[in-house]
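Q: Could you take me on a close look at the ligand site of this model? I would like to know which residues come nearest to the ligand and where its polar contacts are.

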Amino acid sequence: MSSASMGLEGVVVAETELSDVDGERGQLIIRGYEVEDLVGQVTFEDACALLWSGRLPTASEREGWRARIAAGRNEAFGHLGSIGSALALPDGMDALRAAIGHLSATGDVLRDTYLLIGATAVFAAAWARRQSNEAPIEPDTSMSHAADYLHMLGGEPVGSDRIEGLDAYLCCVVDHGLNASTLAARVVASTGSDLVSAVVAGVGALKGPLHGGAPGPVLDMLDAIGSPERTRTWLAGQIAAGQRIMGMGHRVYRVRDPRAAALERAAARLPASGTAGARLSLAKSVEHEAEALLAERHPDRKLRANVEFYTAVLLEAIGIPRPLFSPTFAVSRVAGWCAHYEEQRRRGRLMRPLSNYIGPRPQAKAASM
Ligand code: COA
């Protein structure tokens with residue numbers, strides 16, 4: 001009987017052209033570009049084009065991507081009347097899963113991709129507005145995806161600093177190797193199932209606090225700590241009680257997650273008059289102390305800040321409500337799931353691993369029988 005790799009560490013199950021995570025060097029490459037060279041430099045639509053076509057779009061191609069993704073939002077808005085009570089669910093990820101689950105794939109993967117990218121943003125924004133008893137806002141197809149997401153949330157004119165901050169976030173988390181939700185989507189793709197089903201699986205996996213559910217709890221932690229002087233005592237108490245420090249540690253990175261640095265820089269670019277200034281300095285001190293305390297507790301395991309740590313600070317500064325943090329992660333990552341779906345269908349095989357059976361065996365048949 002072979003030994004089990006319970007967390008699939010070191011197991012390679014796919015070949016991909018999409019992205020590469022080097023955990024020792026702290027490097028994330030998305031189709032040939034280091035993530036730091038994309039974040040703050042390109043829009044979400046550019047990142048989608050890069051994932052799909054393998055290169056950044058020219059100016060005229062950029063308009064086409066923008067228009068097709070905007071058309072996806074428009075089409076998704078038309079589905080709001082036929083998703084039952086999905087958006088009444090109190091958890092945003094449950095609502096997203098249920099709402100997307102009402103869609104049907106056409107089988108044209110690129111067309112379905114535009115709809116799913118549009119639907120994730122439209123449904124997430126509509127869910128957030130419903131939480132405060134407000135009607136959904138129709139997409140404005142003249143806007144970029146990031147601008148329209150903020151517009152569909154608040155309905156008011158949105159400043160360029162917030163749009164740029166959100167674009168930075170969406171580009172940063174669009175794809176990340178074979179993370180748990182992407183694996184879930186690829187497993188579904190490997191069975192020959194449809195793209196909507198793969199995205200629903202991705203949303204389900206992303207919801208977990210060990211994956212995309214961490215940024216809300218990171219902010220709860222910063223609230224509970226309150227001021228830099230309380231940081232060490234608070235963190236030491238949590239660690240002594242066996243609690244995990246949210247936003248710290250990663251399955252693959254043994255150094256600081258490069259996305260943490262990119263998002264920290266994006267948060268620093270937002271006006272310090274907003275929440276970013278005070279939050280950012282508290283977050284830096286919490287990161288510093290957490291790293292030191294975790295190094296004492298786990299000297300053999302390098303536990304450094306991951307993407308979720310500064311996601312919390314950035315999204316709050318942009319004005320995204322806390323319960324919408326994980327759905328906003330999905331607004332970006334859906335593009336990665338769709339690209340991986342296409343690649344898995346094109347190059348992959350049915351994923352069907354084994355398990356070690358540790359249950360009872362049938363009794364040996366009695367000789368008299
Ligand atoms: N705080 C405190 N201890 C942590 C920790 C954290 N954030 N992350 C890992 N550890 C500890 C574990 O308790 C474990 O200790 P033990 O050996 O004494 O039981 C040890 O480090 C190894 O942890 P393990 O669960 O094997 O690591 P992993 O590779 O499975 O975990 C994460 C990766 C991301 C799930 C984990 O670091 C974590 O839970 N982080 C907090 C949640 C989070 O930020 N998620 C977002 C990820 S992008």
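A: Happy to: here is the ligand site, followed by a few residues elsewhere in the chain.

This is a predicted model, in which local features need pLDDT of at least 70 and side-chain atom pairs count only at pLDDT 80 or more, while totals for chains, interfaces and linings use all residues. Residues are numbered from 1 along each chain as its sequence is written, and side-chain values use heavy atoms, with hydrogens and water left out.

Let us start with the shell. There are 19 residues around the ligand, and R244, I245, G247, M248 and R301 come nearest; a residue counts as near if one of its heavy atoms lies within 4 Å of the molecule. By type, the shell holds eight nonpolar, seven polar and four charged residues. In this grouping Ala, Val, Leu, Ile, Met, Phe, Trp, Tyr, Cys and Pro are nonpolar, Asp, Glu, Lys and Arg are charged, and the others, Gly among them, are polar.

Now for the polar contacts, meaning pairs of N or O atoms within 3.5 Å. M248 takes part through its backbone, where a polar atom is 2.8 Å from a nitrogen atom of the ligand. R301 uses its side chain instead, with a polar atom 2.7 Å from a ligand oxygen atom. A polar side-chain atom of N306 likewise lies 2.9 Å from an oxygen atom of the ligand. Taken alone, the ligand exposes 850 Å², and the protein buries 73% of that (areas by the Shrake-Rupley method with a 1.4 Å probe).

Away from the ligand, two backbone angles are worth a look. Most residues other than glycine have a negative phi. R31, not a glycine, has a positive phi of about 45°, and this residue lies in the loop between β2 (27-30) and β3 (33-34). N133 is not a glycine either, yet its phi is positive at about 55°; N133 lies in the loop between α5 (109-131) and α6 (145-154). Helices (H or I, at least four residues) and strands (E, at least two) are DSSP runs, numbered from the N terminus.

N133 counts as exposed because its relative accessibility is 75%; buried means under 20%, exposed over 50%, and partly exposed in between (1.4 Å probe, protein chains only). R269, in helix α12 (residues 258-269), also counts as exposed, at 53%. Its C-alpha is 9.8 Å from that of L314, although 45 residues separate R269 and L314 in sequence.

Conventions: A polar contact is a pair of N or O atoms within 3.5 Å; within protein, one must be able to donate a hydrogen and the other to accept it, and residues adjacent in sequence count only if both atoms are side-chain atoms.
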